[in-house]
Amino acid sequence: MLSQDKYRIALLSAYAVGLHGLESLLPSPVPWLKFGLANIITLITLMLYGFRPAIMVTLIRVLISSLFTGTFPGPAFLLSLGGGVVSTLAMATALSAFRGLFSAVGLSLIGAFFHNMTQLFLAYFLLIRRIEPILFITPLIMLLGTLTGLVNGTVSELVIRHIKKSAITDPASGTG
């Protein structure tokens with residue numbers, strides 16, 4: 001791996017950790033609901049630089065954020081890790097298998113779906129062990145995940161357009 005790639009991953013990971021920290025300061029309409037702002041950085045990384053940097057950003061963000069919040073290696077860490085890894089894999093698979101079909105918004109919705117389903121699955125097997133509460137909360141989780149996926153995807157799309165436009169007008173700041 002080139003030093004430029006290491007620098008890029010470190011910088012993007014720092015942005016993701018920063019957004020995760022910022023998000024923890026925002027009021028939440030539901031105590032356990034997170035908007036997933038750090039996923040914006042994962043999606044941007046995936047679309048501009050590929051799967052390997054995106055999964056590295058996800059892993060670094062989850063690990064460092066869990067160390068800062070004191071959730072490592074507890075259930076919240078496992079839910080975050082599982083959701084982050086599976087959603088990144090799902091978005092990368094969709095991006096690779098259906099090249100050009102999905103925009104950042106579409107990929108974000110795929111990521112939100114897989115993130116939430118993975119967390120529900122892990123919550124069932126690690127914590128709850130009863131299907132009724134999972135079935136009860138699934139529609140709400142999926143609705144909120146869809147809304148945050150739309151917002152995060154839209155923000156990602158705008159940032160990617162800006163980065164690409166900047167790279168065209170200033171070749172020295174290219175994304176390559």
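Let's start with the largest pocket, which is lined by 46 residues. Nearest its centre lie Trp 32, Lys 34, His 115, Asn 116 and Gln 119. Before I go on, please keep in mind that this is a predicted model. The space in that largest pocket comes to about 1100 Å³. Which elements give two or more residues to its lining? They are α1, α2 (38-49), α3 (51-69), α4 (75-97), α5 (104-128) and α6. Among these, α6 gives the most, with 10 residues. As for the chemistry of the lining, you can split the residues into 20 nonpolar, 23 polar and 3 charged.

Now on to the second largest pocket, where about 270 Å³ of space lies. Its lining includes Gln 4, Tyr 7, Arg 8, Leu 11, Leu 12 and Tyr 15, and also Ile 41, Ile 44, Leu 48, Tyr 49, Val 159 and Ile 163. Three elements, α1, α2 and α6, each give two or more residues here. This time α1 gives the most, with 6 residues. The lining divides into 10 nonpolar residues, 1 polar and 1 charged.

You may have noticed Arg 8 in that list, and Arg 8 takes me to the salt bridges. How many does the structure hold? There are 3 salt bridges. As a reminder, side chains of opposite charge can pair when their charged atoms come close.

Take Asp 5 and Arg 8 to begin with. Their closest N and O atoms are 3.6 Å apart, and the two form a salt bridge. Both sit in helix α1 (residues 3-25), and because they are 3 residues apart there, about one helical turn separates them. Are these two buried or exposed? Asp 5 has a relative accessible area of 27%, so this residue is partly exposed. Arg 8, on the other hand, has 14% relative accessibility and therefore counts as buried.

Next come Glu 157 and Arg 161, whose side chains meet in a salt bridge at 3.7 Å, N to O. Where do they lie? Both are in helix α6 (residues 131-169), 4 residues apart, which is about one turn of the helix. Arg 161 counts as exposed, at 53% relative accessibility.

Then we have Arg 130 with Glu 132, a salt bridge whose closest N and O atoms are 3.7 Å apart. Arg 130 is partly exposed at 48% relative accessibility, and Glu 132 is partly exposed, also at 48%.

Right beside Arg 130 in the numbering, have a look at Arg 129, in the loop between α5 and α6. What is unusual about its backbone? Phi of Arg 129 is near 60 degrees, a positive value in a residue other than glycine. Arg 129 counts as exposed, with 54% relative accessibility.

While we're on backbone details, here is another one for you. The peptide bond from Phe 72 to Pro 73 is cis, and its omega is near -10 degrees. You will find Pro 73 in the loop between α3 and α4. For context, most residues other than glycine have a negative phi, and most peptide bonds are trans.

Let me turn to a charged residue without a partner, Glu 23 in helix α1. Glu 23 is buried, yet has no salt bridge. Why not? The nearest side chain of opposite charge belongs to Lys 34, 5.9 Å away, and a salt bridge needs the nitrogen and oxygen within 4 Å, so this pair does not qualify. What does the side chain of Glu 23 reach instead? It reaches the backbone nitrogen of Phe 35, at 2.3 Å. And Lys 34, you'll recall, is one of the residues nearest the centre of the largest pocket.

I'll finish with two pairs of residues that are far along the chain from each other. Ser 156, found in helix α6, is buried, with a relative accessible area of 0%. Ser 156 and Thr 45 are 111 residues apart along the chain, and their C-alpha atoms are separated by 9.7 Å. Met 117, in helix α5, counts as partly exposed at 34% relative accessibility. Met 117 and Leu 2 are 115 residues apart along the chain, with 35 Å between their C-alpha atoms.

Technical notes:
Residues are numbered from 1 along each chain as its sequence is written. This is a predicted model: local features need pLDDT of at least 70, side-chain atom pairs count only at pLDDT 80 or more; totals for chains, interfaces and linings use all residues. Side-chain values use heavy atoms; hydrogens and water are left out. Buried means under 20% relative accessible area, exposed over 50%, partly exposed in between (1.4 Å probe, protein chains only). On a 1 Å grid over the protein atoms alone, a cavity is a set of points where a 1.4 Å probe fits but cannot get out, and a pocket is an open set with protein on both sides within 12 Å along at least five of seven lines; lining residues have an atom within 4 Å of a point. Grid points are joined across faces, edges and corners, and a volume is the space filled by probe spheres set on the points. Ala, Val, Leu, Ile, Met, Phe, Trp, Tyr, Cys and Pro count as nonpolar, Asp, Glu, Lys and Arg as charged, and the others, Gly among them, as polar. Lys and Arg count as positive and Asp and Glu as negative; His and the chain ends are not counted. A polar contact is a pair of N or O atoms within 3.5 Å; within protein, one must be able to donate a hydrogen and the other to accept it, and residues adjacent in sequence count only if both atoms are side-chain atoms.
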